[in-house]
Amino acid sequence: MSRDGVGAKSGVHGKSSGTSRAILRPVVPPGPLRDLKELIYLAYTSAGAPTLDEMAGLVAADDALAASPSRDTVGRIVGDATVPAKQADVVALITVLSRMAAGEVTSTVQDAARLWRQARLAEPIGRPIGELDPHALEVHHAIANDGATGLPAYVEREHDARLRAIVAEVVEGSSRLVMLVGTSSTGKTRACWEAVQRLPAGWRLWHPIDPERPQAALADLARVGPRTVVWLNEAQHYLLSEQHGEAIAAGLRELLADTSRGPVLILGTIWPGPDHFDKLTHQPTADAPDAFSQARVLLGGREIRLPTAFTPPVIEVLKQSTDPRLAEAAAHAQDGMVTQYLAGAPELIKIYRTSSPGTRSVLEAAMDARRLGHPPGLPLSFLETAAEAYLTDTEWDLLPDNWLPQSLTLLTDPVKGARGPLHPQRRPRGASRTSSAPVGQTYRLADFLDQHGRAIRRLERVPELFWPAAIEHCGPRAARALASSAEERGLSHIACRLWARGGDLTAVGRILVRSGRLDEALTWYEQAADHRALEEAAVHLVQAGRWDEADAWIERAAAAGSRSVFLQAAESLRRADRWEEALAWYERAAVDGDHDTLLRVADRLAAVGRWEEALAWYERAAVDGDHDALLRVAGRLAAVGRWDEALTWYERAAETDQRALRTAADRLADAGRWEEALTWYERAAVDGNPDTFRSAADRLADFGRWDEALAWYERAVQIGDRNALLWAGDRLAAADRWDEALAWYERAAASGSPQELRSVAERLGDVGRLDEALAWYERAARSGNEDALLSAAGRLVKADRQDEALAWYERAAETSGPVAFRWAAERLWRVGKTDEALALYERAARAGDQEALLWAADRLVDAERLDEAMSCYERAVTTTNHKQLRATAERLAPVGKLDDALIWFERAAANGDQEAFGRAADCLADAGRLDEALAWYERAAATADTQEARWWPMNGRLHTRSVERAIGVLRELGRATEADALKRYGWDPSGRIAAPWDLKPSEDIAPHPAPTVN
């Protein structure tokens, strides 16, 4: 029989057992198996999607093939998401399919054989959960007691129930991510460990840690397949990675969305606060770079918060536990902090508080290094040198010669079977030795002491000798982290040295530019020589008006790969009204047809009336029928009355998006061109979008064309838009056509929707028809709208119908709680019923609404009843809520209580408010107390008041606002020389203006390998 593809195929055509239905492409996660299946399926479709009988028949007819898979086997090879059992079956089928497609047979067969081997040999990522040691996954060791070792018995809490529900969803086939957020030693990792024990057999767990966590995660994330747990303990190491964090977050989002790779369970743990979880989830301001956009979306609504303590009833149960460690912890842990006690926290604190000066100095050096951003592995050489910064002269003189070995012995000894305050880092078990070759011993600070240090040392000035130790002994990654902290504190010289040590020469140039030292900065940009550095140098020269020099840097930046440099240069020239030069640079920026650039240039030209040129640029932007570009130019033309041209562009836009028809109609209606507008509305209405009908109706109502307007509202209702009923009622009510309006409102409320009922009540109340409004509020409340009661009560207060109002508030309190009394108080205060209001604030507070006291205090401040206000603040503000503490200070400062306010600012700062010092300084400056303000600004800089920072435009580096305000205060005081010196040289670590300093790349760049774990 012929082995020609076509002839062979015809020999089996028409068998009754065949099928003409195409085999579906198998869904396979990334890896060799997917590559193999893609190759097979491509061969199958290229051959014309033959039937199973055709394929099996052709293979069987070829005696030269080493295998003859059955019809069912052929089906599995093509359509199943599993590895075929025999390589020979794959080779035989690929041979036949390649011939049928008249393709290259030999190389395709070789590829298939190679991919089959890889797919068979490819181990799924991770290890079976049953083989894992919880301590290897970083579950804390517990204290030992009375022979009890291993993990203590587990006590479930509320967060475990939530985790259990998520695991159940995963077992049912869904992919899920959950991030456990809690302070150190609160049981986050143990909770995750207990959760994965509920997964069925066959699940694996992947813990990416070698060679370093972010690199390991990014390298193999694409290999994660079904029934895998991704274990991201201490997730900050992954998601806050400057180089890889956003790529990891994007990869995790893709993993969750890819059903072919599910189900998967991603478990992470992280500390709360502005340096950890809050940093990832905080929404930046509109003018700030969005450094963690992928992470913020990934984590949105996926965190579970862990409490720091067990509840008293659980503590009582634990006291009777048969596990002696749990019983001991329940009996002795302060404030219910059982998990912390089990992790040895009390002993760790005791060691820190009672240790000798030498031992304590090592711990404080480690604490400060970690709170300033140093990675977990702290080099011994750094700890030894930095520790000197924490000793007095007397303590240093009295240290024994062997103080460091003695200190390390104490600090590395286990604490009741758990790790001590410091523990030497080793490579992870199972990690390759070559990937983690040691470069000096490193130590890790116990997590609990790490967090304790952040709390107790947050307001401590970093000792001066700490910084030379960091410059000398820290590796590049650590140097960059510490450089950022130094920069935030205004320590310009130290920051530059650390950035240089870390290899970021562009950051050095940036600090020098900000310090007014552009010529020195150019030397560093020259040394860096990458496109980012060259681009920054060019932009700074342009901004300084040094155009001739800038041209050369722009060309070099472009040659190094920058494209944005052209646009930045063009924008600067445009702002200088040098249009012809600007257009030349715009042309180069748009050389690859960059859509955004084309539109930007067109907009700029249109704004200055250069319409013919603008239209040419718009035309280039819209060359591929870009809808946004077409609408943009149409709108601009309409705005200047060039209607014929505008409508032509709207027509072009409508070819790709029918919404352009409504946009054109709106613009025509706004211009009073009604006949044309209605024609465009009718065309737009064909797609049945209710927005079109309402838009037409609204504009007709605006022009008093009521019959037409109501007809369009009615058309919107007929296609299911119930909001049109309310809109029509609103427009009629606004025109004082109340009988008609109420008829539309009644129709809207016919469904009994509580929200619609309340909406009608609000509209009636707005126009003073209160009794009618109350009837609608009553209907809304009976339908389940709790807010209706509060709204009605507020209306009654405003109408001075206090007795009725209080009755409504009483009803609201039954469902909404004491907050209803607070709202009642607020309403009464506004109408001058102060005593009645204070009584209700008090009632709300007694019922558990602590916000009520704050509101009362604020109102008393407004009324200048300051002594009463202070009493309310003291009662309302807890000692640990720093936001409330600062808010109190900011209320007192403007009303003549500045000295009292400063005390509250101090309390806020002591409780972790990084904004407090800067805000206190602002208040002092506003009050003209400039010398005091200067001191507070310096304190803000020394403690890295990062929340009071603004984003520097170049790549988002933080520059502390407090330094800039200090410079302004010095100028206001007439101390211009000092202001210039502070700008040029920054602070020194002692809080004084730094002495003049110079920096040369040849002297300050010294390669320094990063210490790694061994």
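In which loop is D290 found? This is a predicted model, and the legends below take D290 as their starting point.

**View 1. D290 sits in a loop between two helices.** The loop that holds D290 runs between α12 (277-281) and α13 (293-299). D290 counts as partly exposed, because its relative accessibility is 33%, and partly exposed residues fall between the limits of 20% and 50%. Residues up to four places away in sequence are not counted among its contacts; beyond them, D290 touches Q283, P284 and R296.

**View 2. Helix α7 packs against helix α8.** Helix α7 covers residues 158-171, and helix α8 covers residues 188-196. Their axes are 10 Å apart and make an angle of about 40°. That angle makes α7 oblique to α8. The crossing in which α7 passes α8 is right-handed. On the α7 side, the residues that meet α8 are H159, D160, L163 and V167. On the α8 side, they are A191, C192 and A195. Sorted by type, the residues of this contact are 5 nonpolar, 1 polar and 1 charged.

**View 3. A161 and C192 belong to the region where α7 and α8 lie.** A161 lies in helix α7. With a relative accessibility of 34%, A161 counts as partly exposed. Along the chain, A161 and A195 are 34 residues apart, and their C-alpha atoms are separated by 9.6 Å. C192, one of the α8 residues that meet α7, has a relative accessible area of 1% and is therefore buried, as the limit for buried is under 20%.

**View 4. Helices α51 and α52 run roughly antiparallel to each other.** Helix α51 consists of residues 898-910, and helix α52 of residues 916-926. Their axes come within 9 Å and cross at roughly 165°. The two helices therefore count as roughly antiparallel, because the angle is over 145 degrees. α51 passes α52 in a left-handed crossing. From α51, the contact is made by L898, L902, F905, E906, A908 and A909. From α52, A916, F917, R919, A920, C923 and L924 take part. The residues of this contact divide into 10 nonpolar and 2 charged, with no polar ones.

**View 5. C923 is a buried cysteine of helix α52.** The relative accessible area of C923 is 12%, so this residue counts as buried. C923 is one of the α52 residues in the contact with α51. A disulfide is a covalent bond between the sulfur atoms of two cysteines. How many disulfides does a search of the whole structure find? The search finds 0.

**View 6. T108 is buried in helix α6.** The helix that holds T108 spans residues 105-121. T108 has a relative accessible area of 17% and is therefore buried. Leaving aside neighbours within four places in sequence, T108 is in contact with L39, I94 and S98.

**View 7. E364 is buried in helix α18.** Helix α18 is made up of residues 357-371, and E364 has its place there. Is E364 buried or exposed? At 10% relative accessibility, E364 counts as buried. Its contacts, again leaving aside neighbours within four places in sequence, are Y352, Y390 and R457.

Notes. Residues numbered from 1 in each chain as written. Predicted model: local features only at pLDDT ≥ 70, side-chain atom pairs only at ≥ 80, totals over all residues. Heavy atoms only, no water. Disulfide = S-S within 2.5 Å. Buried < 20%, exposed > 50% of the residue type's maximum accessible area, 1.4 Å probe, protein only. Axes fitted to C-alpha atoms, helices over the stretch in contact; angles between N-to-C directions. Helix = DSSP H or I, 4+ residues; strand = E, 2+ residues; numbered from the N terminus. Parallel < 35°, antiparallel > 145°, perpendicular 65-115°, else oblique. Left-handed = near helix turned anticlockwise from the far one by under 90°. Contact = heavy atoms within 4.5 Å. Nonpolar A, V, L, I, M, F, W, Y, C, P; charged D, E, K, R; others polar.
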